[in-house]
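I opened my notebook beside the viewer today and jotted down what I looked up, one topic at a time. Pull up the model and follow along.

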Amino acid sequence: MSKMYGAQQRQMQAPSNPLAIKTKKFALEKNKFVGLCMRQLFSNQWKFAFIPLALVLGNVALNLTGAYKNYWIYIFIAIAVIGYILFWLIQFTGITQLAQYKQLFDKYRYEIDSRQIFMKLSDKEGGMIKWDMILGAYKDKDAYVLEMGKYQFLHLPFSVFNNDNDKKLLDKILRDKGYFNS
């Protein structure tokens, strides 16, 4: 039996694995979401920083040789870079305000084992994420981040784990799946 929640369909849960890592119930903070999206944006698009750098260096060379003196290009490049960053910041902040993305910030409890990740809204509602949907993972200073696509991720703070053994087990699962190096 399925229940509808927002625009996404929730499935009834299979019996949980007694050996699974069970987290406390928590919600992703909106500011953390924006920060992680901006971090992913910069890590994906850092190569494009060479375009304004090349324009500035080309203009410096033209100014030093006296071939073409202009200073407006520096202002234009600074405005363009700041505008690009602000555009994406506004986009990610806007996602946090839209009703159809409200479920991103609901409180979930996770059950993680070597087969899948269960996201549980309650004991009867939730969803399942297979490990093949996880494209990458990294350990931040205060959380695990499991990337599922462009600006899609699971953020699991260390504080939601019941003990250090759960964190060690998740480390082992991520190493076995090839997301962490040995």
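My entries below go from the overall fold to single contacts and spaces.

**Entry 1: the overall layout**

I began by noting that this is a predicted model. I then looked at the secondary structure and found 4 helices and 10 strands in the protein chain. Reading along the sequence, I wrote down the order β-β-β-β-α-α-α-β-β-β-β-β-β-α. I also looked up burial: 36% of the 182 residues in the protein chain count as buried.

**Entry 2: the hairpin of β9 and β10**

Next I turned to strand β9, residues 143–149, and its pairing with β10. I see the two strands run antiparallel, with 6 bridges between them. One of the details I checked was G149, whose bridge partner in β10 is Q152. The hairpin has 2 residues between its strands, and Y151 there takes a positive phi near 65 degrees.

Is β10 enclosed or open to the outside? I looked at its residues, 152–157, and 5 of the 6 are buried, so the strand is largely enclosed by the rest of the structure. As a reminder to myself, side chains in a regular strand alternate between the two faces of the sheet.

**Entry 3: salt bridges**

How many salt bridges does the structure hold? I find 9. I took notes on three pairs.

The pair I opened with was R109 and D123, which form a salt bridge with their closest N and O atoms 3.0 Å apart. This pair links distant parts of the chain: R109 sits in strand β5 (residues 107–112), while D123 is in the loop between β6 (116–120) and β7 (126–130), 14 residues apart. R109 has a relative accessibility of 21%, so I put it down as partly exposed. D123 has a relative accessible area of 58%, so I put it down as exposed.

Then I went to D171 and K139, where the closest N and O atoms of the salt bridge are 3.1 Å apart. Here too the pair links distant parts of the chain, with D171 in helix α4 and K139 in strand β8 (residues 136–139), 32 residues apart. Why does D171 count as buried? Its relative accessibility is 12%, and the cut-off for buried is under 20%. K139 is at 43%, so it counts as partly exposed.

My last pair was K167 and D164, whose side chains meet in a salt bridge at 3.2 Å, N to O. Both lie in helix α4, 3 residues apart, which I noted as about one turn of the helix. K167 is partly exposed at 21% relative accessibility, and D164 is exposed at 51%.

**Entry 4: a nonpolar patch**

I moved on to the surface. F42, V81, Y84 and I85 make a nonpolar patch of about 340 Å². Which helix gives the largest share of this patch? I find that α3 (residues 72–95) does, with 3 residues. F42 lies in helix α1, residues 30–45. F42 has a relative accessibility of 44%, so I recorded it as partly exposed.

**Entry 5: the second largest pocket**

For the second largest pocket I wrote down a volume of about 350 Å³. I count 15 residues in its lining, and F48, A49, P52, V81 and Y84 lie nearest its centre. The elements that give two or more residues to this lining are α1, α2 (50–65) and α3. I noted that α3 gives the most, with 6 residues. V81 and Y84 appear in this entry as pocket-lining residues and in the one before as part of the nonpolar patch.

**Entry 6: the cavity**

I then looked for enclosed space and found 1 cavity of 30 Å³ or more. The largest cavity has a volume of about 40 Å³. What lines it? I listed L36, Q40, Y138, V145, E147 and F153. The elements that give two or more residues to this lining are α1 and β9.

**Entry 7: past α4**

My final stop was G178, in the segment after α4 (164–176). Its relative accessible area is 55%, so I noted G178 as exposed. I also looked up its distance to A137: the two are 41 residues apart in sequence and 9.3 Å apart in space, C-alpha to C-alpha.

How values were computed. Residues are numbered from 1 along each chain as its sequence is written. This is a predicted model: local features need pLDDT of at least 70, side-chain atom pairs count only at pLDDT 80 or more; totals for chains, interfaces and linings use all residues. Side-chain values use heavy atoms; hydrogens and water are left out. Buried means under 20% relative accessible area, exposed over 50%, partly exposed in between (1.4 Å probe, protein chains only). Two strands pair if DSSP finds at least two bridges between them. Patches are made of residues with over 30% relative accessible area and no salt bridge: like charges are joined within 9 Å, nonpolar side chains (Val, Leu, Ile, Met, Phe, Trp, Tyr) within 5 Å. Accessible areas come from the Shrake-Rupley method with a 1.4 Å probe; for residues, only the protein chains shown count as cover. A salt bridge is a side-chain nitrogen of Lys or Arg within 4 Å of a carboxyl oxygen of Asp or Glu. On a 1 Å grid over the protein atoms alone, a cavity is a set of points where a 1.4 Å probe fits but cannot get out, and a pocket is an open set with protein on both sides within 12 Å along at least five of seven lines; lining residues have an atom within 4 Å of a point. Grid points are joined across faces, edges and corners, and a volume is the space filled by probe spheres set on the points.
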